[in-house]
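This report describes the fold and a few side-chain features of one protein chain. Please keep the sequence and the model in view while reading.

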Amino acid sequence: MAVYECRRCEYRAEEPWVETCPSCRGFYKCRKIGSDKEVKRVTAADAVNVTIKREATGVEKFDEVLSGGLVKKFVVLLGGPKGSGKTTLMAQVLGSFAAKHDCKVMFASAEEQQQFVLGVFKRVGVLDARVQVMGREEAHDVRAVITRCKEDHVRLAVFDSLQTMAVGDQDASIQRDISVAHEINEYCKRSGMTGVIMNHMNKSLEMVGSTRVGHDVDIELEIHHYNEKDDGRARTLFTDETLDGVPMKDIRTLLVGKNRGGESGRKSFWQTTATGLIPLEQKPAFVRKETVDGTGAPRMSSLRLVTDEEEKTT
């Protein structure tokens, strides 16, 4: 409950007084402390009633990594090196989400001209008027993108990318990254829109920019070439090596490193094709060979595509 306090002597009462303070008789206005609304005290026992409502995008393997789908008001940070398939994946997700929920979505690129972004949507077969597209001609200022999202009642928006967008005329800096992410986060929390911020990764496969951004977002996703990180064989990235007929250079790993609304550490594997990313039903895994090493222990050096069941029995 609210109480009223004298600004001079700090006398308190449950009701405000007129003119002078009942205690010091000073002509000081009282100030209100607290709220008239009764605040419910929350304990850990209330967690039994907590549920997180997810919105499936319709891209099954993408939803599985996110523990069931996207969450309203959440902001996702999607990182990946050049050529990993970030834009292709998000074009497919946007098209599927718009069709599944019959809503407007947005892809805003401050990196590419509008015609090149449209080329990606054409390549993956997403030709939907509900998918809004902004190129670098108008998407440089993140506030302009947010204004369009508000006007068109967009439910899911992709911002490409954290390194190329700004708030107004702000100069390039790490602080700019934080400001851009903050603007997106604030709008999503107010409006209920879900936002995806695309981000570059360096040669060490670490997110570029301020680590503060990673703390502020709700989900962190990575997409990268399979053998660039998972088995540490970056030197074979563009060779003709294959796994059960699938070119190694075409395999991508999508993984979640942080998920405030679900399980972290989930992975899915994809193959890049001329028309987009397709999920692999099997996954790359090291399995036992019939050979043994010098100590007589079975080797785990055979890398191939296997199902979860096959991996458990080897």
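The text below covers the main sheet, a strand pair, a helix, aromatic pairs and cysteines of this predicted model.

**The nine-stranded sheet**

Nine strands make up an open sheet with mixed pairing, in the order S6-S5-S7-S8-S4-S9-S12-S13-S14. Its edges are strand S6 (131–134) and strand S14 (276–279), each of which pairs on one side only. On average, neighbouring strands of the sheet are turned by 25° against each other, with direction ignored. At the S14 edge, S13 and S14 run antiparallel and are joined by four bridges. Within this pairing, Trp270 has Pro279 in S14 as its bridge partner.

Two helices contact this sheet. Helix H3 (residues 114–123) packs on it and touches strand S5 (105–109), S6, S13 and S14. The direction of H3 makes about 145° with that of S6. Helix H5 (residues 142–152) lies across S5, S6 and strand S7 (156–160). H5 runs at about 160° to S6.

**Strands S15 and S16**

Strand S15 (residues 283–287) runs antiparallel to S16, and five bridges join the two. One bridge partner in S16 is Val306, which is matched with Lys283. Strand S16 (residues 302–306) is mostly covered, with four of its five residues buried.

**Helix H2**

Helix H2 spans residues 86–101, a total of 16 residues. From its first C-alpha to its last it reaches 22 Å, close to the 22 Å expected at 1.5 Å a residue. Buried residues in H2 include Leu89, Met90, Val93, Leu94 and Phe97. Lys86, Thr88 and Gln92 of H2 are also buried. An α-helix has 3.6 residues a turn, so residues three or four places apart point the same way. Asp102 follows H2 and has a positive phi, near 50°.

**Aromatic pairs**

How many aromatic pairs does the structure hold? There are three, and two of them are listed here.

| Pair | Centre to centre | Angle between planes | Class |
|---|---|---|---|
| Tyr11 and Trp17 | 5.6 Å | 50° | tilted |
| Tyr226 and Phe269 | 6.1 Å | 70° | edge-to-face |

In the tilted pair, Tyr11 counts as partly exposed because its relative accessibility is 30%. Its partner Trp17 has a relative accessible area of 13% and is therefore buried. For Tyr226 and Phe269, the planes stand at 70°, so the pair is edge-to-face. This pair links distant parts of the chain, since Tyr226 lies in helix H8 (residues 226–229) and Phe269 in strand S13 (residues 267–273), 43 residues apart. Both Tyr226 and Phe269 are buried.

**Cysteines**

A disulfide is a covalent bond between the sulfur atoms of two cysteines. How many disulfides does a search of the whole structure find? The search finds zero. Cys6 is in no disulfide, and its nearest cysteine sulfur, that of Cys21, is 3.8 Å away. The cut-off is 2.5 Å between sulfur atoms. Cys6 counts as buried because its relative accessibility is 0%. Cys9 is likewise in no disulfide. The cysteine sulfur nearest to that of Cys9 belongs to Cys6, at 3.8 Å. Cys9 has a relative accessible area of 32%, so it is partly exposed.

Key:
Residues are numbered from 1 along each chain as its sequence is written. This is a predicted model: local features need pLDDT of at least 70, side-chain atom pairs count only at pLDDT 80 or more; totals for chains, interfaces and linings use all residues. Side-chain values use heavy atoms; hydrogens and water are left out. Buried means under 20% relative accessible area, exposed over 50%, partly exposed in between (1.4 Å probe, protein chains only). Two strands pair if DSSP finds at least two bridges between them. Rings of Phe, Tyr and Trp (its six-membered ring) pair if their centres lie within 6.5 Å; planes under 30 degrees apart count as stacked, over 60 as edge-to-face and the rest as tilted. Axes are lines fitted to C-alpha atoms, for helices over the stretch in contact, and angles run from 0 to 180 degrees between N-to-C directions. Contact means heavy atoms within 4.5 Å. The expected span of a helix is 1.5 Å times one less than its number of residues.
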